Amino acid sequence: MSFRHTMLGAAVCLFIFYLGLLLSLFYFVSGKGFWEVLIHPGTLSAIRLSITAATLATFFAVAIGLPAAYALSRFEFRGKRIIDTFLEIPMIMSPIALGASLLIFFNTPLGEVIQKEGIFFVFEVPGIVLAQFATIAGLATRLIKSSLDEISPRYEAVARSLGSSSWQAFYRITLPLALKGLIASVILCWAKALGEFGATVTLAGAMPGKTETMPIAIFTALASANINKTIVLIIILVFFGLCTLYAVRLTGGRRRYD
Amino acid sequence: MIRIEGLSILFETFKIMGLDITIEEKEFHSLLGPTGCGKTLILESIMGLRKPTKGKIWIGEREVQTLPPERREISYVPQDLALFPHLSVRENIFYGIKARNLDKQDYEDYVQLQIEEMKVGHLLERYPANLSGGEKKRVALLRALASKPKLLLLDEPLSGLDPAIKVEIQQLLKTLHSSFNPTILCVTHDFEEAYFLSDRITIFMDGKAEQVGKKDDIFLEPVSKKVAQFLGARNLYRAKILSKDEFMQRATLEVDGLQFSMPMQLCRDSIEVGKEVDLFIRPEEVMIIRKEKPVKESLKRNILLGKIMDITDKRRYQLINFQTMEGKINIEISIPNYAFRNLDLAIGKIVNVALREESLWVMS
């Protein structure tokens with residue numbers, strides 16, 4: 001077998017593997033059964049909750065991730081490497097461990113004060129947002145930083161010499177140049193938040209109609225041997241996932257000024 | 001007038017100590033130094049992007065070193081130009097006017113004139129990615145000049161261009177300077193570029209200004225062997241002062257047994273008998289004497305007999321490697337092509353060479 005055929009064969013095998021997994025789902029589900037599960041209030045509630053929580057978590061992650069990424073990309077400061085390393089904690093830590101850490105934190109005196117005086121997180125909807133935020137904030141910062149690293153700081157230097165303040169240079173020059181990368185980062189983080197299970201179930205629990213997101217609904221449906229519901233939820237989740245990946249591919253197209 | 005006083009920068013391996021530069025209004029001033037000597041750091045400090053360890057910067061009577069870059073009225077054209085890729089050429093050009101909240105109408109005529117002068121009128125709706133190297137340079141210059149800065153900083157403005165475009169942009173810079181009279185500080189490592197463009201030059205080496213002066217003074221009268229070597233000077237010799245005649249104001253120098261007579265005014269520092277100095281013989285001021293022609297009295301003081309060792313065609317001139325019979329000193333002589341054709345020279349030929357007094361320069 002030639003070199004080219006070996007490499008291509010591996011790619012095709014992987015494709016068949018994933019495609020086979022997806023196609024096998026349809027073996028157990030009929031058109032009518034699919035529709036019944038889809039319009040069931042519990043399913044719609046899980047979809048709604050997942051989308052809302054993932055959107056909020058992504059918003060907060062980008063709101064803090066963008067300035068943090070800028071600082072890490074542009075400035076030299078003491079402790080930069082330590083911060084940079086800590087951003088990878090969600091990537092090396094199991095989601096359940098992350099969720100458990102959050103749960104433990106809310107049992108400390110500080111955590112209890114936050115819960116009493118501020119927002120209640122444990123086994124509540126804000127807990128879903130927080131768990132998803134904890135999972136994606138580091139990733140968001142890392143992805144946005146990569147986009148910013150590709151943009152020469154020289155552009156901002158010139159913009160400032162031409163009369164722009166550092167804020168103006170950021171939003172007139174750097175932000176438009178990083179926009180495509182930023183959008184791709186947002187979409188990827190949103191997709192990851194949407195599929196987040198471990199941290200969410202640990203912190204927010206799995207209460208149907210209250211804290212049951214799609215991945216949690218899949219788990220509970222499977223645990224109660226409701227295969228039909230499990231499959232429908234998987235298909236919906238995969239559909240959302242593929243849509244977001246396709247959107248990322250679209251944003252990765254050539255810029256008009258390239 | 002722009003004054004930079006005692007500018008000191010410590011950054012990584014760079015150490016710039018107490019740099020002084022004064023730039024007159026409308027002057028084209030070049031900071032000439034070898035590659036990697038920290039010239040760009042100096043520009044960044046002047047612009048306000050980097051905080052110098054010490055030093056003051058005045059623009060006119062305004063002290064600006066504590067101001068942020070946007071309030072210094074200094075424009076900057078970096079080596080990579082940094083044209084904003086997401087903005088059209090027109091948007092790039094008017095960026096400074098918009099950012100400084102200047103009335104666009106007040107600048108319209110001025111910018112239009114520059115657009116015509118730089119021949120970029122047909123490029124206004126294009127994006128930087130669709131411009132050639134020369135066009136990008138023009139747009140970057142125009143963008144920097146459009147808002148009438150008090151000082152324009154140019155970082156290696158002619159680097160990375162094809163030879164033909166380089167000549168064109170060089171000429172354009174010259175025309176722009178004479179038409180619009182911006183005050184310019186240009187950093188470059190290319191002494192030919194600096195000589196062509198500048199009114200005055202600061203030679204910057206090893207973290208300090210080695211020499212400041214009018215361009216002719218710099219090239220004809222370098223302060224040290226180091227500067228002379230950097231400027232591409234050939235024919236540098238270690239010489240000893242044998243005697244001096246205060247009445248005639250002349251000195252006699254010796255290089256490997258060969259003696260030269262020269263006016264004391266061509267010595268940079270005081271003449272002390274017995275002192276060792278660096279002698280610089282300018283290749284373009286050395287004459288090969290034709291046998292049939294009478295030699296002027298002033299040339300007779302320094303006539304050397306020797307042999308042509310090598311001839312190199314440098315396209316615009318011929319470079320002759322001449323070795324004196326006495327002392328076996330090698331002297332490079334550059335001769336214009338038309339003169340070379342009349343001299344009938346060949347490798348191995350024995351000739352007489354006369355050193356014009358202007359060909360000699362002594363540095364301690």
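Which residue in strand 4 of chain B does Glu5(B) stand opposite? In this predicted model, the partner of Glu5(B) is Lys56(B). The pair offers a handy way into the strands of chain B, where strand 1 covers residues 2-11 and strand 4 covers residues 54-59. These two strands run antiparallel and are joined by five bridges.

Strand 4 of chain B also pairs with strand 5, which is made up of residues 62-63. Here, too, the sense is antiparallel, with two bridges between the strands. Within this pairing, Ile59(B) of chain B is found opposite Arg62(B) in strand 5. Strands 4 and 5 form a hairpin with two residues between them. In that hairpin, Gly60(B) adopts a positive phi near 65 degrees.

Turning to chain A, the reader meets 13 helices and zero strands. Followed from the N terminus, the elements of chain A therefore read as α throughout, given that helices and strands are assigned as DSSP runs. The C-alpha trace of chain A spans about 65 × 65 × 35 Å along its principal axes.

Chain A has 258 residues, and 41% of them count as buried. Contacts between residues at least 6 apart in the sequence of chain A can be sorted by separation, and 75% of these join residues at least 24 apart. The exposed area of chain A comes to about 14,300 Å², with 72% of it supplied by carbon and sulfur atoms. As for charge, chain A carries 21 positive and 13 negative charges, and the mean positions of the two sets lie 9 Å apart.

How values were computed: Residues numbered from 1 in each chain as written. Chains lettered and ligands numbered in written order. Predicted model: local features only at pLDDT ≥ 70, side-chain atom pairs only at ≥ 80, totals over all residues. Heavy atoms only, no water. Pairing = 2+ DSSP bridges. Helix = DSSP H or I, 4+ residues; strand = E, 2+ residues; numbered from the N terminus. Buried < 20%, exposed > 50% of the residue type's maximum accessible area, 1.4 Å probe, protein only. Contact = heavy atoms within 4.5 Å. Areas by Shrake-Rupley, 256 points an atom, 1.4 Å probe, with all protein chains shown as cover. Lys, Arg positive; Asp, Glu negative; His and termini not counted. Charge placed at Lys NZ, Arg CZ, Asp CG, Glu CD.
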